[in-house]
Amino acid sequence: RFETIEELREAIKAYWKDNYQLNENYQGGGILSLANFAAQVQDDLDNKILELAKTIKDIYPDEENLCLSGGTFLNCTSNGILDRSGLFTNIYGYPNA
């Protein structure tokens, strides 16, 4: 889709700017601006992980165990939300695939 790495970089920058209202000179916004940005990214991550878990549960409705792999699945906030969802009885996150 992208001819060069620079095109990919620009697309990523545009995505972040459009979806997270973070401009290239965010230092002027101070620590609160960065905290709001981090909170929004965390919220989006939580929603995507929960969406993934619901999709897995739809495919395997009788399954009570969920094993996910990679650093993203070691995120304590997301794992807490996933645990409290009650979708699975046992949830295991392995740190590296």
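Start with the whole chain in view: of its 97 residues, 18% count as buried. What you are looking at is a predicted model, so keep an eye on confidence as you go. The pLDDT averages 82 over the chain, and 84% of the residues score at least 70. If you colour by confidence, helix H1 (residues 5-20) comes out lowest, with a mean of 78, while H3 is highest at 93. Where pLDDT is low, don't read the predicted coordinates in detail.

**Get your bearings**

Switch to a cartoon view. You should find three helices and two strands, and walking along the sequence gives you α-α-β-α-β.

**Stop 1: the two strands**

Select residues 65-69, which make up strand S1, and residues 90-94, which make up S2. The two run parallel and are joined by five bridges. Now show the side chains of S1. Which residues are on its covered face? Those are Leu-66 and Leu-68, while Asn-65, Cys-67 and Ser-69 are on the uncovered one.

Stay on Ser-69 for a moment and look across to S2: the residue opposite is Tyr-94.

**Stop 2: a pair of rings**

Tyr-94 is worth a click of its own. Searching the whole structure turns up one aromatic pair, and Tyr-94 forms it with Tyr-92. The ring centres are 6.5 Å apart and the planes make an angle of 40°, so the pair is classed as tilted. Are these two rings buried, exposed or something in between? Tyr-92 is partly exposed at 46% relative accessibility, and Tyr-94 is partly exposed as well, at 41%.

From Tyr-94, select Gly-71. This glycine is in the loop between S1 and H3, and it is exposed, with a relative accessible area of 52%. Gly-71 and Tyr-94 are 23 residues apart along the chain, yet their C-alpha atoms are separated by 8.0 Å.

**Stop 3: Asn-75 and the start of H3**

Move along the same loop, the one between S1 and H3, to Asn-75. Asn-75 is buried, with a relative accessible area of 19%. Show its side chain and look for three partners:

- The backbone nitrogen of Thr-77: at the start of H3, a side-chain oxygen of Asn-75 reaches to within 3.2 Å of it.
- The backbone nitrogen of Ser-78, which lies 2.9 Å from a polar atom of the Asn-75 side chain.
- The side chain of Gln-42, in a polar contact at 3.1 Å.

**Stop 4: along H3**

Now select residues 76-85, helix H3. Which of its residues are buried? They are Ser-78, Gly-80 and Leu-82. Just after the helix comes Gly-86, with a positive phi near 75°.

While you have H3 on screen, add Leu-50 to the selection. Leu-50 is in helix H2 and counts as buried, at 19% relative accessibility. Draw a line from its C-alpha to that of Ile-81: 31 residues separate the two in sequence, and the atoms are 7.7 Å apart in space.

**Stop 5: the salt bridges**

How many salt bridges does the structure hold? There are two.

For one of them, select Lys-48 and Glu-51, whose closest N and O atoms are 4.0 Å apart. Why can these two side chains reach each other? They are three residues apart in helix H2 (residues 30-59), so about one helical turn separates them. Lys-48 is exposed, with a relative accessible area of 54%, whereas Glu-51 is partly exposed at 47%.

For the other, pick Lys-57 and Glu-64, whose side chains meet at 3.6 Å, N to O. Here Lys-57 counts as buried, at 13% relative accessibility, while Glu-64 is partly exposed at 36%.

**Last stop: a lysine over a ring**

Keep Lys-57 selected and add Phe-88. Lys-57 lies over the face of that ring, 5.0 Å from its centre. That gives you two things to view around Lys-57: the salt bridge with Glu-64 and the ring of Phe-88.

How values were computed
Residues are numbered from 1 along each chain as its sequence is written. This is a predicted model: local features need pLDDT of at least 70, side-chain atom pairs count only at pLDDT 80 or more; totals for chains, interfaces and linings use all residues. Side-chain values use heavy atoms; hydrogens and water are left out. Buried means under 20% relative accessible area, exposed over 50%, partly exposed in between (1.4 Å probe, protein chains only). Helices (H or I, at least four residues) and strands (E, at least two) are DSSP runs, numbered from the N terminus. A polar contact is a pair of N or O atoms within 3.5 Å; within protein, one must be able to donate a hydrogen and the other to accept it, and residues adjacent in sequence count only if both atoms are side-chain atoms. pLDDT is the predictor's confidence in each residue, from 0 to 100. Rings of Phe, Tyr and Trp (its six-membered ring) pair if their centres lie within 6.5 Å; planes under 30 degrees apart count as stacked, over 60 as edge-to-face and the rest as tilted. A charge sits over a ring if NZ of Lys or CZ of Arg is within 6 Å of the ring centre and within 35 degrees of the ring normal. Two strands pair if DSSP finds at least two bridges between them.
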